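Here are my notes on the model, set out as numbered points. Please read them with the structure open.

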Amino acid sequence: MITTAIFTERLRLKILTGNDHLFILELVNTPGWLQFIGDRNIKTEEQSKAYIQKVTESPQIHYWTVTPAQENRAIGIITLVKREYLEHFDIGFAFLPDFEGKGYAAEATRAVMYSVPEISKDDKILAITTEENSRSVKLLEKLKFCFESVIEAGGKTLWQYALSKDHLLIGKSVHDFYRIFSNTIQQPEFDRIYELCSPFASIIKKSGDSAEIYDLKSFIGPRKKNLTDGTLTEFSEWETAEETRVVGNIAQRYSTYRKKGMLQGKYFEASGHKMFQLMKENGSWKIVHVIWEDEG
């Protein structure tokens with residue numbers, strides 16, 4: 001069953017419904033949509049409702065609306081479609097002009113890729129765009145999609161990009177590792193670390209010339225206390241950029257991150273670097289080693 005509601009630090013995503021007809025009417029008539037996706041001839045509320053009904057009735061098409069956490073209006077959509085002319089699911093995105101260039105599309109696209117089980121059942125996930133859509137190409141490259149081929153479909157020349165299943169699953173593991181320690185949206189699921197990591201995983205905090213070395217139990221214990229006893233509140237930590245290298249059944253991911261929260265009632269922000277080493281076991285990627293260092 002498709003995931004109907006997805007949450008990030010800044011965004012709320014929900015499955016498209018008939019109540020979203022005014023937003024869809026606005027979105028499909030923006031200059032970007034008309035130029036790069038095409039005119040769907042949706043000019044009235046009734047036509048918008050009919051379009052949504054067609055989308056929601058198809059088992060091969062899934063749309064999520066994207067809404068900032070502090071607002072009530074949708075600003076964009078993420079789409080997941082199994083097209084007849086593509087072998088795998090195709091993920092897409094479209095946002096109102098005022099909300100482009102703010103990182104929302106990347107954040108929402110990752111959220112869907114990491115939250116929808118149907119995606120990870122496939123060998124890869126695809127994305128299609130046009131050569132002229134430089135903003136879309138730039139975003140796909142930021143998400144680590146790789147150019148595969150030029151295809152012809154519907155009278156258009158399209159560029160096909162792909163993200164491998166390994167890169168997707170590694171990204172999900174790292175994403176979920178960061179989210180273990182966030183207590184802004186929900187209570188942290190501390191036991192999740194034992195699912196994400198190998199039982200013998202080691203975690204190292206580097207500070208200048210010194211280093212603190214943990215196993216999973218000694219690492220999670222003090223962090224669980226701080227995140228539940230009021231010491232650290234409204235805390236979130238997230239990846240800002242990454243480079244991943246996969247060789248056979250082993251992988252390494254260099255990750256930059258930011259974090260923020262209230263420490264003993266005082267607001268703070270910080271950033272830093274993490275190195276993850278992973279290995280594949282029975283089709284799953286397990287974290288076996290993490291080392292990190294905060295900046296400054």
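1. Strand β6 comes first. This is a predicted model. β6 spans residues 124-129 and is mostly covered, with five of its six residues buried.

2. The partner of β6 is strand β8, residues 156-164. The two pair in the antiparallel sense over six bridges. Within that pairing, Leu 126 has Ala 162 of β8 as its bridge partner.

3. Next, helix α6. The helix covers residues 134-142, and Ser 136 is found in it. Is Ser 136 buried or exposed? Its relative accessibility is 8%, which is under the 20% cut-off, so Ser 136 counts as buried. Setting aside neighbours within four places in sequence, Ser 136 is in contact with Phe 93 and Thr 129.

4. Ser 136 is not alone in α6: Val 137, Leu 139 and Leu 140 are buried too. Why do these residues lie on the same side of α6? Because they cover an arc of only 165° around the axis. On the other side of the helix, Ser 134 and Lys 138 are exposed.

5. What do the buried residues of α6 pack against? The list is β5 (90-95), α4 (104-115), β6 and β8. Both strands of the antiparallel pair in point 2 are thus among the packing partners of α6. After α6 comes Lys 144, which has a positive phi, near 75°.

6. Now the six-stranded sheet. The sheet is open, and its strand order is β10-β9-β14-β13-β12-β11. Pairing is mixed. At the edges sit β10 (210-214) and β11 (232-247), each of which pairs on one side only. From one strand to the next, the twist averages 20°.

7. Inside this sheet, check β12 (residues 250-263) against β13 (residues 266-281). They pair in the antiparallel sense over 14 bridges. Ala 251 stands opposite Leu 278 of β13.

8. Two helices deserve a look alongside the sheet. Helix α7, residues 165-179, lies across β9 (197-207), β11, β12, β13 and β14 (284-294). Its direction runs at about 155° to β11. Helix α9, residues 216-228, packs on the sheet and touches β9, β10, β11 and β14. The direction of α9 makes about 65° with that of β9.

9. One point for viewing the contacts of these helices. Strands β9, β11 and β14 appear in the contact lists of both α7 and α9. The edge strand β10 is touched by α9.

Technical notes
Residues are numbered from 1 along each chain as its sequence is written. This is a predicted model: local features need pLDDT of at least 70, side-chain atom pairs count only at pLDDT 80 or more; totals for chains, interfaces and linings use all residues. Side-chain values use heavy atoms; hydrogens and water are left out. Two strands pair if DSSP finds at least two bridges between them. Helices (H or I, at least four residues) and strands (E, at least two) are DSSP runs, numbered from the N terminus. Axes are lines fitted to C-alpha atoms, for helices over the stretch in contact, and angles run from 0 to 180 degrees between N-to-C directions. Contact means heavy atoms within 4.5 Å. Buried means under 20% relative accessible area, exposed over 50%, partly exposed in between (1.4 Å probe, protein chains only). The arc is that of the directions from the helix axis to the C-beta atoms.
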